[in-house]
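Please walk through the chain shown below, with attention to its salt bridges and to the parts of the fold that they join.

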Amino acid sequence: MSMMDPGSQIHYHDTDASKKTPGVLETFRNSIRLAAEKGPLTPGSRGSKNQSPPTPVRALHSPVLSGVTSPLRSAAALFQTKEDDDDQPQKSKAVMRSRTEPSMARLDSLLKKGASIRRSLRFSSKKDKRQDAFLAVQEEAVAKEENEEEEEETCEEMEETYTLPELPPVPLSVMQISKLIEMEVLEEAHLHLLALRAEFQQERLGLENSPVELAKKEKDLSLLYTDLRLKLASIVRTSVSLPARNKGLLVHVARIIQEEDKRAQEPGGLQGSWMDAWREAVDQGARDKVEGVHPEPTNHSNASWLAVHLGLLGKALLEDLEKVKCELRWSYPPSFQVFATYVRAYHTAVKRHLGTLEGRAVELKDLYALLDWIVHRYRSRTMMGSPALEPEMRLADVDLRPDGDLLLTLRDKFCRTVQEDLRATLDRLVELENEEMWSTGKHPDMDDDGFLSSSFHMDICTKVRGNVVNAGHVDAELEGDVIASCLAELKDFPKSRRRRRNDEWVGGDATTESLDCGSFARSSMKGEPPLMCRFHGEFWRRCLSLPLWSEYQVVYINSFQALECHMEECYAGSNPNGVAAMSEEVTWLLQALQDGLQQRFKEDVKPYLRRMMTRKWLTNDDDFDALHARAELLARHCEALRPPHRQEVASTVHLHMLKEYVGQLMKNNYSCKKRKHGKAAGKMRAQCRRIADVFRHMGSQENWLDPVGEHLSDIVGLKNQGDIKDHLQPLLNQYPDFSSRHLMAVLAFRGVLRGREHQRIMCRFNQLRKNAIAMTTGDQAHNPNDRSCSLFGNMEAAVRADCLSDVSVFCFTFVFPGE
């Protein structure tokens, strides 16, 4: 008996006992059979007396293992020492399951008791030991889970170091360890994995082991470690979203990472740092959470989809970091620096996500929302600077500044979009002017000050002001850039330097300085595309033939003057160069509109002026009345024109009209004979006074023009020809550019064509001119550019041939070639 195997000895005593008490096994079999008939198992699944103990695969599908697979149950059973006694776990499990499934629990208990008796009746094997240990791990995890569910949560920082529990003497099989990893029984799975790794290291040192078996076991270890690392990464990625489920598991995750990094140089493990893998999992979880924030639909809302999305993103960031601070960080040792790691991960994910959003943001409101969120809201007290994250956020010392390249890209894109949006607005305003006024011939409105006005410039100022204010809410730098962009677009608004054909711009160097009312007609006749001068070009093309064209010109002179004043007042301090460049173009437009207004008036009065100083003029006032009516109409228009443009238009037209009126006297179209010169002089004096009155009321500042009518009327109306030479001095003093040719033309109109008096008058005039030239020296020299000397300078004077027959007069003219 002493040499007998212990297993045989146990078998012997069990057999003997069965012979002495033959009813025990029979009673046991009957109880199993009765439980199987009452239980939910199918007949094919009932056990028999020759049946082997339950295999691990079958045990995994039992009700007990179904409870273990629950994440909440598996989390509570981790990091506790396993007892070798099997009776207590079975008892605890039976009690637990009897609350819900009494028949199934009774069946499981009986089956396990039967398996224990059967194992006692035969020899034990290594496989049986592994199965028993695997079953005990599952049962113990369930029992510890129920005990920990009743414990209160405590928020105490984990200790940095810990003592690894004793490794099991016999590790579970590869399949069983894999199943424990799958069920997230991490502590026990890791202990058995370490035991399996220790076996591999011992066998690796032995010389009698087969290289094939070692390679197979090393491959199994690699697969198990890969599964374990993937499982840890999966838990870490979802830990913030499910803190109540995962914070218990994270304790074991942290210990496994610490232990594996300690054993990094030992054979049988994985390459790469487990701590780095944990950080990568944190980063991936942060990316998944940030990219998982969906924008709300905008089909029923006018709000920016991006503003809504960023609001949800900020809320998610704050909630997640609060969970990390209040819950998850207690599951890690201090060396993990959990909060700082999560802050860096979320900040990196946000920067990456913002780069994606930059490509999707195309509208101005979306770009503004993105810039405002990055510059102001991201680090504000409502998000990363929230008091709820202090003092951990301050201690984390993470640089939360925005990406400089991304911010620069967004600024440039915002400014370009502002400019494009303003360009579209300006083009739309021109179309609205055409739809509401030009095409309908609507009369422009008067403002409270009595000036013709339009809301045209107010719409532009409001648009620019809105863009500048929004940019200023971001920062002063962006505000300055937006001001520059708006001024650059306004600079190109009055005119453009390209032609357009078939909706495509061609050329690029064409200028519009010479654009007049005939340029469009000429280009159309040549088959060329017209110059697209934006406002000025569209206005000229659409309104040239309208009866209210002059009124519209007055309206837009007022509008662009107000626009220029507003831009200078608001933005000259921040961008003087941009304002100056824009003002230069607006000044060009104002001058073009003024020239158009004056040119229209000149074209209207031209036929009436041609009939002045003729036989009909002397006997009929119809032409002058029509001329005077045109002047009064222009005066009414100029009354609605804001200064200083009113004075400029009035002065220019006054000079032109009086110069053309007097110029008709120099053409020798008519000669006053038989005492008609008195009547002509009286009419000339009266008409010149009426002209002066109209333009004085209009606002003309050319008062120096008024005496010319009196002087010429005196010369023409004198009865005695000899008295003419005594009235030359005042005329020459007032108008130094009055020449001998002009005097001969006036004398010819007066009827003094030749003779001794004619010679005396011319000699006297030339002597006066000679004395005047001799008296002007140095700084008092005659300035030909002076407007007071420009009435007769370019005025042509027609002289009859018989006036040159007098040699003396011709000689005087030769001596003074400027005469």
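**Salt bridges across the chain**

In this predicted model, the side chains of K231 and E184 form a salt bridge, with N and O 3.9 Å apart. Because K231 belongs to helix α11 (residues 211-237) while E184 sits in the loop between α9 (174-182) and α10 (186-205), the pair ties together parts that are 47 residues apart in sequence. E184 has a relative accessible area of 7% and is therefore buried.

A second salt bridge joins the side chains of E489 and R423, at an N to O distance of 3.0 Å. This pair also links distant parts of the chain, since E489 lies in helix α20 (residues 476-492) and R423 in helix α18 (residues 404-438), 66 residues apart. The two partners are not equally covered: E489 counts as buried at 1% relative accessibility, whereas R423, at 33%, is partly exposed.

R428 pairs with E435 in a further salt bridge, in which the closest N and O atoms are 3.5 Å apart. Here R428 is partly exposed, with a relative accessible area of 43%, and E435 is likewise partly exposed, at 41%. Elsewhere, a network of salt bridges links E431, E538, R541 and R542. The count of salt bridges comes to 34.

These pairs can be set against the chain as a whole, which contains 33 helices and 4 strands. Of its 819 residues, 46% are buried, and the accessible surface comes to about 41,700 Å², with 51% of that area belonging to carbon and sulfur atoms. Among contacts with a separation of 6 or more, 78% are between residues 24 or more positions apart.

Technical notes
Residues are numbered from 1 along each chain as its sequence is written. This is a predicted model: local features need pLDDT of at least 70, side-chain atom pairs count only at pLDDT 80 or more; totals for chains, interfaces and linings use all residues. Side-chain values use heavy atoms; hydrogens and water are left out. Helices (H or I, at least four residues) and strands (E, at least two) are DSSP runs, numbered from the N terminus. Buried means under 20% relative accessible area, exposed over 50%, partly exposed in between (1.4 Å probe, protein chains only). Contact means heavy atoms within 4.5 Å. Accessible areas come from the Shrake-Rupley method with a 1.4 Å probe; for residues, only the protein chains shown count as cover. A salt bridge is a side-chain nitrogen of Lys or Arg within 4 Å of a carboxyl oxygen of Asp or Glu.
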